[in-house]
Amino acid sequence: LEDRRCHGVTMKARVAFILLGALPALHAIVEKSTGFDFPKASPKLGKLRSLGVRKKGPIKVYAVGMYEDLFKAKGFMLQMAMGVGAQKMTNALADAVKPRLKSDQGSLDKFSDLMLRGLPNGCSRSMCLLFGTGGGKLSLVVDGKEIGSVSSKPLAEAFIGVYCDDKAVCTLKAIDEKPSTRLADVAWRGRGRRRRPSCARAGDINACRRRQARRFPGLGPRGWRRGRGE
């Protein structure tokens, strides 16, 4: 009896461990080359669409995630992979924006001032910068602190081009969406295989088909074999 109890506790602990390990994967995606987690959804930027890494030669400067909100406005999350001075980071972004800015050149100076104001001590490693482009303006948030924005649609569009046009400073790759993120599925995958429905394990295949047909009427009586798998 004691062995059974111990075994039961061990199994419960194992399942709990698997579930806890699965939680981050449900809410964030890891940029593999830098190890940074990017949330699948940001209240300020929207839904994560793609990831990339800005490099200088072999050196990784920062990881970048591109987001898109309900109005299709793009936003960018930068996570620093190394420390960079405020002036150097500001100049790098301003130099990338400048050739893409077709009008309202004065907005670029305002953008540079905004960057310097938001980075009094430069960019430290793991610092997070959010750039929003919705509403015809370019906004900046540093480590959760709202710095401000520059109202200029040409500036916002030029900033988008830095990461999205044919001469983008880095390549953004669309994220891979897994077909199922249910905790139960993740947990059983962690044990090496997915469990079949209880009625199938008992051998009553017809009962299992009827049960699955009630749960998923669009699949038909044999739908569980096509959609769920054995």
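This is a short dialogue about burial and salt bridges in a predicted model.

Guide: Residues are numbered from 1 along each chain as its sequence is written, and side-chain values use heavy atoms, with hydrogens and water left out. In this predicted model local features need pLDDT of at least 70 and side-chain atom pairs count only at pLDDT 80 or more, while totals for chains, interfaces and linings use all residues.

Visitor: Why is Gln79 called buried?
Guide: Buried means under 20% relative accessible area, exposed over 50%, and partly exposed in between, with a 1.4 Å probe and protein chains only; Gln79 has 9% relative accessibility and therefore counts as buried.

Visitor: What makes Glu146 and Lys44 a salt bridge?
Guide: A salt bridge is a side-chain nitrogen of Lys or Arg within 4 Å of a carboxyl oxygen of Asp or Glu, and the N to O distance between the side chains of Glu146 and Lys44 is 2.8 Å, so the pair meets the rule. Glu146 and Lys44 are 102 residues apart, and the pair links distant parts of the chain.

Visitor: Why is Glu146 called exposed, and why is Lys44 called partly exposed?
Guide: Glu146 has a relative accessible area of 58%, which is over 50%, so Glu146 is exposed; Lys44, at 48%, falls between the two limits and is therefore partly exposed.

Visitor: How do you know that Glu68 and Lys72 meet in a salt bridge?
Guide: Their N to O distance is 3.9 Å, which is within the limit for a salt bridge. Glu68, at 14% relative accessibility, counts as buried, whereas Lys72, at 56%, counts as exposed.

Terms used. Helices (H or I, at least four residues) and strands (E, at least two) are DSSP runs, numbered from the N terminus.
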